[in-house]
Protein chains: 2
Amino acid sequence: MELSERSREILRAIIQSYISTAEPVGSRTVTKRYNLGISPATVRNIMSDLEELGFLVQPHTSAGRVPTDKAYRFYIDTMLEVKSLPRQQEEEILNYPLHRGDFNQLMQETTKLLSALSHYTGIVMAPKPAETVYRHMEFVRLTGGRVLAIFVSNAGIVHNRMIILDEDLMQKDLERISAFLNYEMAGKTLREMRSRVLQLMDDDKNTYTRLLMKFMKVWQDASYEGEVEAEAELFVGGLSEMFNIPDFKDYEKMKELFLAFEEKHMLLKLLDLAMDAEGVQVYIGSENKYFEMQGISLVVASYRGEGNVVGTLGVIGPSRMPYNTVIPLVDCTARVLGRLISER
Amino acid sequence: MELSERSREILRAIIQSYISTAEPVGSRTVTKRYNLGISPATVRNIMSDLEELGFLVQPHTSAGRVPTDKAYRFYIDTMLEVKSLPRQQEEEILNYPLHRGDFNQLMQETTKLLSALSHYTGIVMAPKPAETVYRHMEFVRLTGGRVLAIFVSNAGIVHNRMIILDEDLMQKDLERISAFLNYEMAGKTLREMRSRVLQLMDDDKNTYTRLLMKFMKVWQDASYEGEVEAEAELFVGGLSEMFNIPDFKDYEKMKELFLAFEEKHMLLKLLDLAMDAEGVQVYIGSENKYFEMQGISLVVASYRGEGNVVGTLGVIGPSRMPYNTVIPLVDCTARVLGRLISER
DNA sequence: ATTAGCACTCTATAGTATTGAGTGCTAAGC
DNA sequence: GCTTAGCACTCAATACTATAGAGTGCTAAT
């Protein structure tokens with residue numbers, strides 16, 4: 001699959017034109033807007049070749065051509081020049097009032113920031129309990145044998161679960177358990193605690209370990225089918241931006257899209273993939289099996305909290321998005337969020 | 001504005017017909033589907049009267065007539081027979097797995113329940129910090145002079161805020177403050193605490209009260225323009241149901257609707273109104289100034305936690321919704337949620 | 001190899017005719 | 001005096017036709 005320099009140049013012109021206008025690109029348009037010293041007829045021949053190679057398609061015979069997912073992938077991998085974020089946008093990110101309220105609000109505000117700057121929909125996957133390093137744990141006794149377990153990370157993330165006990169423990173007992181847990185488990189993730197508790201279980205089965213096991217079980221049950229991924233929370237912001245995108249002017253398409261958003265499960269799986277990858281990832285159209293959708297792409301980056309990757313965030317929009325500006329935007333936001341979480 | 005028995009009967013027929021078909025109702029339809037022993041011509045005369053009174057409008061001359069907001073209001077106030085919830089639906093509410101996860105998830109699941117049963121969009125306003133009675137308060141020291149304040153209600157609601165201090169307190173100090181706060185303030189709402197703290201301030205300005213003041217200030221700043229209402233969190237579920245409603249088959253209408261949903265502020269104000277009212281409230285179209293939208297209505301009820309009204313929930317859908325089934329549904333869900341919060 | 005020229009295709013748009021649902025009015029009937 | 005049959009009228013929705021325009025693919029000349 002060798003592509004001549006000129007073919008590449010024309011493919012780039014078509015993609016760029018389509019990204020900015022959302023209109024199928026004809027041979028005349030290419031020669032006019034990007035004067036390559038070449039006639040429309042020549043361009044037509046090359047476009048025909050590109051179509052045969054699977055880079056372009058025609059919506060119908062008498063229309064221009066439109067880039068395929070394969071074309072976008074090629075474009076991003078081999079000829080995209082990612083600009084550095086303009087000073088003004090960087091300012092905007094830094095000045096955005098993300099700090100208000102609690103951690104959930106921070107997540108929500110971040111989606112809005114992503115959305116506001118990209119004009120697409122912003123998504124943020126919150127840190128997962130199983131992967132979060134906790135600093136402080138606390139059991140609070142409520143009425144009726146209910147105990148609330150509260151876990152606090154150094155970043156101020158608060159996770160909690162209700163546990164219903166058969167026996168009624170006093171707050172004093174719970175405080176002793178909390179103290180034990182803080183002594184034994186501080187600096188561990190939930191996942192690590194789980195295996196440590198299982199170890200302790202072997203040694204002796206006292207009230208402490210029984211409560212802890214119960215607690216672990218409740219936590220696990222609450223996650224979808226015991227899958228750790230599902231524990232993560234997904235925040236979405238700027239959904240209404242989708243209505244401004246000409247690609248999605250179709251009612252049925254829109255319906256499909258919103259259904260997919262409500263089924264957050266799949267989106268989470270996809271975001272989870274990006275946890276392991278370095279830098280900004282781009283998922284184009286049906287490239288991934290979790291959120292395949294004709295014409296829709298995601299730009300995703302992981303963010304760090306105190307050194308470790310703890311979550312991912314990104315932007316979801318049409319495949320024909322201006323990657324050269326969206327990519328640095330997502331990148332910068334991820335770094336700012338990371339800094340905010342690890343602050344000072 | 002006296003309405004004869006027959007006029008009322010016809011108005012009811014028109015409203016019911018429109019609710020079930022979403023098609024403008026003509027005089028022939030009325031006589032056919034609800035045989036009232038009356039000719040279409042007579043019905044036409046009466047319909048003309050009803051239009052003059054503001055109960056009906058014609059989309060265009062050669063169409064049937066459609067009920068106005070005024071008509072729905074009249075219908076709900078004077079001739080709606082609210083069925084009791086069918087056994088099967090009640091079962092479904094009781095069996096819905098609402099208990100999983102933390103309090104936020106409970107809220108989110110409740111919106112899904114409302115949506116699933118009504119086939120419209122479900123909304124739940126979470127309990128507001130200012131109105132929540134707290135059982136347990138805790139300050140956790142994080143790195144860099146940051147302190148996380150965690151407040152737990154008896155129902156297991158957890159609210160938290162980050163505070164950044166100039167001085168660096170030890171966790172020991174914070175524990176003493178927590179103990180003091182728990183002793184002095186347990187069983188109070190945040191609003192009540194605030195005024196109590198202000199009282200204490202007058203007596204002496206020690207580290208405790210300074211921290212408390214700082215904390216109160218942070219909390220207040222985080223809420224929108226200091227308005228207490230804005231502190232509340234709003235959960236929305238089943239947005240995609242909107243796409244199945246023939247009334248909203250218009251793209252522009254949909255866009256407007258989703259914009260309104262993202263601006264949660266107004267919706268919250270409206271839900272706040274229903275806090276004070278007893279029973280199920282219905283807001284029709286442009287009746288309320290916070291969420292006026294042509295053709296959209298809300299059915300809202302407040303729910304209780306341990307005796308007090310703590311929040312509201314409801315359903316948002318087209319004005320032509322089957323109120324006789326939606327009202328008991330919202331009512332029942334509110335009661336179930338209340339029981340779940342106050343559980344045992 | 002490139003390109004000008006041309007026939008061909010197909011969508012989008014505008015214009016026109018037709019249909020049918022529904023109304024308002026009038027005059028006759030009970 | 002209320003009710004109703006009859007009829008002319010209105011207007012959206014639908015189908016059909018004509019036209020314009022953008023773009024292609026092919027061929028022959030450069």
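Reader: Which phosphate oxygen distance links DNA strand C to the side chain of B:R65?

Author: Happy to start there, with the note that this is a predicted model. B:R65 is among the residues that come nearest to DNA strand C. An N or O atom in the side chain of B:R65 lies from a phosphate oxygen of that strand at a distance of 2.7 Å.

Reader: What is the distance from a phosphate oxygen of DNA strand C to the side chain of A:T42?

Author: A:T42 is also listed among the nearest of the 19 residues around DNA strand C, along with A:R6, A:T61 and B:S27. Here too the partner on the DNA is a phosphate oxygen, and the atom in the A:T42 side chain is an N or O. The separation is 2.4 Å.

Reader: Which residue puts a polar backbone atom 3.4 Å from a sugar or linking oxygen of DNA strand C?

Author: Sugar and phosphate make up 77% of the atoms of DNA strand C that come within 4 Å of the protein. One contact of the backbone kind involves a sugar or linking oxygen, 3.4 Å from a polar backbone atom. The residue is B:A63.

Reader: Which element supplies the largest share of the surface near DNA strand C?

Author: The residues of this surface divide into three nonpolar, twelve polar and four charged. Both α3 (40-52) of chain A and α3 (40-52) of chain B give at least two residues each. The largest share, four residues, comes from α3(A).

Reader: And for DNA strand D, where does the largest share of the nearby surface come from?

Author: Around DNA strand D there are 19 residues, with A:S27, A:R65, B:R6, B:T42 and B:T61 coming nearest. The surface splits into three nonpolar, twelve polar and four charged residues. Again α3 of chain A and α3 of chain B each supply at least two residues. The largest share, four residues, is that of α3(B).

Reader: What percentage of the atoms of DNA strand D within 4 Å of the protein is sugar and phosphate?

Author: Some contacts show the backbone of the DNA being met: a polar side-chain atom of A:S27 lies 2.8 Å from a phosphate oxygen, and a backbone N or O atom of B:S39 lies 3.3 Å from a phosphate oxygen. A polar backbone atom of A:A63 is 3.5 Å from a sugar or linking oxygen. For the strand, sugar and phosphate account for 72%.

Reader: Moving to the protein pair, how much area do chain A and chain B bury between them?

Author: The contact takes 51 residues from chain A and 50 residues from chain B. Of the area buried, 53% is on carbon and sulfur atoms. A:F243, A:Y251 and A:E262 supply 16% of the area that chain A buries, more than any other three residues. The area buried between the chains is about 4300 Å².

Reader: How many salt bridges does the rule find across the interface of chain A and chain B?

Author: On the chain A side, the residues divide into 22 nonpolar, 15 polar and 14 charged. Between the chains, 18 residue pairs are in polar contact. Salt bridges across this interface number zero.

Reader: Which element gives the largest share of the side of chain A that touches chain B?

Author: Several elements of chain A supply at least two residues each, including α6 (103-118), β4 (134-141), α9 (207-222) and α10 (251-262). The largest share is six residues, and they come from α10(A).

Reader: Which C-alpha of chain A is nearest the axis that relates the copies?

Author: Chain A can be laid on chain B with an RMSD of 0.1 Å by a turn of 180° and a shift of 0.0 Å along the axis. The two copies are therefore related as by a two-fold rotation axis. The nearest C-alpha in chain A, 3.3 Å from the axis, is that of A:Y251.

Reader: Why does the salt bridge of A:D247 and A:R320 tie together parts apart in sequence, and how many residues apart are they?

Author: The closest N and O atoms of A:D247 and A:R320 are 2.8 Å apart. A:D247 lies in the loop between β7 (234-237) and α10 of chain A, and A:R320 in the loop between β10 (308-318) and α12 (323-341), so the pair ties together parts whose separation in sequence is 73 residues.

Note on methods
Residues numbered from 1 in each chain as written. Chains lettered and ligands numbered in written order. Predicted model: local features only at pLDDT ≥ 70, side-chain atom pairs only at ≥ 80, totals over all residues. Heavy atoms only, no water. Contact = heavy atoms within 4.5 Å. Buried area = accessible area lost by both parts, 1.4 Å probe. Salt bridge = Lys/Arg side-chain N within 4 Å of Asp/Glu carboxyl O. Polar contact = N/O pair within 3.5 Å; in protein donor to acceptor, adjacent residues only side chain to side chain. Nonpolar A, V, L, I, M, F, W, Y, C, P; charged D, E, K, R; others polar. Least-squares fit on C-alpha atoms with pLDDT ≥ 70 in both. Near = heavy atom within 4 Å.
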